[in-house]
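Welcome to this guided tour. Please have your viewer ready, with the cartoon and side-chain displays within reach, and follow along one selection at a time.

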Amino acid sequence: MQLTNQEAQDSTKSMAESRVINFGAGPSALPEPVLQEAAKGLLNFDNSGIGIAEISHRSKEFSAYIAGVEQQIREQLSVPPTHSILFLQGGGTGQFSAVVLNMLARHRLLHPNLPDEERVLDYVLTGSWSKAAAQEAARLANGAKVNIAADARTLSDDGKSFDRIPPHDAYKFSKDPVLIYYCENETVSGTEFSHDEKAPESFPFELLPQGTLLPLVADYSSSFMSRPIPRLADHAIIYAGAQKNLGPAGLTIVIVRQDCIVDVDAAAKLGAVPVPTGLAYKTYAEKANMPNTPPTFAVYVTGLVLKRNAELGGLAYYEAANRRKQQKVYDVLREGEKKGVLKGHVKPGSGSWMNIVFNVLGDGAEARFLAGAEANGMKGLKGHRSVGGIRVSLYNAVTEEQVDKLVSYIRDFIAEAQPPLPSEIAPAP
């Protein structure tokens, strides 16, 4: 059955009107104009007559497109020429392994005679994802030591919760580590490093080893392209899954300093752990990001999002918008705390702009909150199973108008709620 142009337009309008507001942690909301354009590309990509999910990744059309996506990221993030931009698969979990193996190979080439037990990998633990990264490092370290440079849990009231960013005096970095890892924004617990370098919740750049190319590695998966990256040029590796602020799941963007794109086979001959071809950065750098078939549709949508970002004003636009959005939600959260209806999971100053986590106090109150939100067309608000409560994800595609609707709902919920009895208030997780 073939639809007329008017019927197709009416169908598109009907589908758009039936969409709910997606506050989920990922895959995240995408801008509706991008989704509409992507639907066209599924039928005919770049006037090639072939859909983006069908076209050869080695075609001139797609080769030009992926190079353009790389250039857009470089321009919008001000990535220096010292760093390459790679498009990989496997998400953040894949990078937990790739980072360790590539950086161990680099360290072996730099220090071929150093015993394995004297090699150290520094990890900063601020949430579930940095904890998982450190656990993977311990699996792959091949005799090297994993040093926990800071662990936010030790500062929490119960000794178990990730509810804050450690102050600068809590860090103990190694002298010449293989790598120094941190997760800029923790999606599950809702903690994030402050971008104000004077704040105690900022990353302690001043404590890092001096006079050397820093082996600094940052997981930016859930905050990538939401605002500028502090001291980007000082990082060895920055990686991010596209499925939060840029596109659909399947694409992982890795910004890697060129001295970290090493000959892993040469390192293996000196005793380093062999690096699988699909995890070696050199494989992708030498083949223009296409040693095999990349996730073409994810790359395509990411390019559409980046194009729209540039038209709106780039990172300056999103930083300002995201600042306003998170402030509105934190303001109403504080109102709920004063009334004894809500309780934030994260200490003030350490809260994420992207993922705001809190509890609704009282017997059955959380279920009522979620049911009411869904009745008002808002989904994806249930917190991660390991933390519970409510999680509001405010990625770039979530508009201020949508945030205003959520804030209005929360404010009405607070007004109508009866403060729980003391016996009903469970301790924060």
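Start by selecting β11 and β12, two strands that pair in the antiparallel sense over 3 bridges. Keep in mind as you look that this is a predicted model.

**Stop 1: the three-stranded sheet**

Within this pair, click on Lys 343 and look across to β12, where its bridge partner is Asn 359. Next, select residues 314-338, which make up helix α9. Helix α9 packs on the sheet and touches both β11 and β12, with its direction at about 125° to that of β11. Now bring in α10, which also packs on the sheet, touching β12 and β14. The direction of α10 makes about 130° with that of β12.

To see the whole sheet, colour β11, β12 and β14 in that order: these 3 strands form an open sheet with antiparallel pairing. Which strands stand at the edges? They are β11 (342-344) and β14, and each has a single partner strand, so one side of each is left without a neighbour in the sheet. On average, neighbouring strands here are turned by 35° against each other, direction ignored.

**Stop 2: the two sides of α10**

Stay with α10, residues 365-375, and show its side chains. Ala 365, Phe 369, Leu 370, Gly 372 and Ala 373 are buried. Why do they fall on the same side of α10? They cover an arc of only 165° around the axis, which puts them there together. Turn the helix around and you will find Ala 367, Arg 368 and Ala 375, which are exposed on the other side.

What covers the buried residues? Select β12 (355-360), β13 (378-379), β14 (390-393) and α11 (400-416), which are among the covering elements. Before leaving, step past the end of the helix to Gly 377, which follows α10 and has a positive phi, near 80°.

**Stop 3: Gly 24**

Select Gly 24, in the loop between β1 (21-22) and α2 (32-43). Is this glycine buried or exposed? At 10% relative accessibility, Gly 24 counts as buried. Beyond residues up to four places away in sequence, Gly 24 touches Lys 379, Gly 380, Ser 393 and Tyr 395. Two of the elements from the previous stop come back here, since β13 spans 378-379 and β14 spans 390-393.

For a distance to try in your viewer, pick the C-alpha atoms of Gly 24 and Thr 93: they are 19 Å apart in space, and the residues are 69 apart in sequence.

**Stop 4: the seven-stranded sheet**

Now colour the strands β2-β10-β9-β8-β5-β3-β4, in that order. These 7 strands form an open sheet, and the pairing is mixed. β2 (83-88) and β4 (145-151) stand at the edges, each with a single partner strand, so one side of each is left without a neighbour in the sheet. Neighbouring strands are turned by 20° against each other on average, direction ignored.

Zoom in on β2 and β10 (residues 252-257), which pair in the antiparallel sense over 6 bridges. Click on Leu 86 and look for its bridge partner in β10, which is Val 254.

Two helices are worth adding to this view. Helix α3 (residues 60-77) lies across β2 and β10, running at about 130° to β2. Helix α4 (residues 91-110) lies across β2, β3 (120-125), β5 (179-183), β8 (216-219), β9 (237-241) and β10. The direction of α4 is at about 165° to β9.

**Stop 5: Glu 136**

Select Glu 136 in helix α5 (residues 128-140). This glutamate counts as buried, at 15% relative accessibility. Leaving aside neighbours within four places in sequence, Glu 136 is in contact with Phe 96 and Ser 97.

**Stop 6: the cysteines**

How many disulfides does the structure hold? The number is 0. Select Cys 183, which is in no disulfide; the nearest cysteine sulfur is that of Cys 260, 19 Å away. Cys 183 is buried, with a relative accessible area of 1%. Cys 260 also counts as buried, at 0% relative accessibility.

**Last stop: the annotated span**

Finally, select residues 21-406, which an unreviewed UniProt entry annotates as "domain: Aminotransferase class V". The end C-alpha atoms of this span lie 9 Å apart. Residues 21-406 are 35% helix and 16% strand.

Technical notes: Residues are numbered from 1 along each chain as its sequence is written. This is a predicted model: local features need pLDDT of at least 70, side-chain atom pairs count only at pLDDT 80 or more; totals for chains, interfaces and linings use all residues. Side-chain values use heavy atoms; hydrogens and water are left out. Buried means under 20% relative accessible area, exposed over 50%, partly exposed in between (1.4 Å probe, protein chains only). Helices (H or I, at least four residues) and strands (E, at least two) are DSSP runs, numbered from the N terminus. The arc is that of the directions from the helix axis to the C-beta atoms. Contact means heavy atoms within 4.5 Å. Two strands pair if DSSP finds at least two bridges between them. Axes are lines fitted to C-alpha atoms, for helices over the stretch in contact, and angles run from 0 to 180 degrees between N-to-C directions. A disulfide is a pair of cysteine sulfur atoms within 2.5 Å. UniProt positions are given in the numbering used here, feature names are shortened, and annotations may be inferred rather than shown by experiment.
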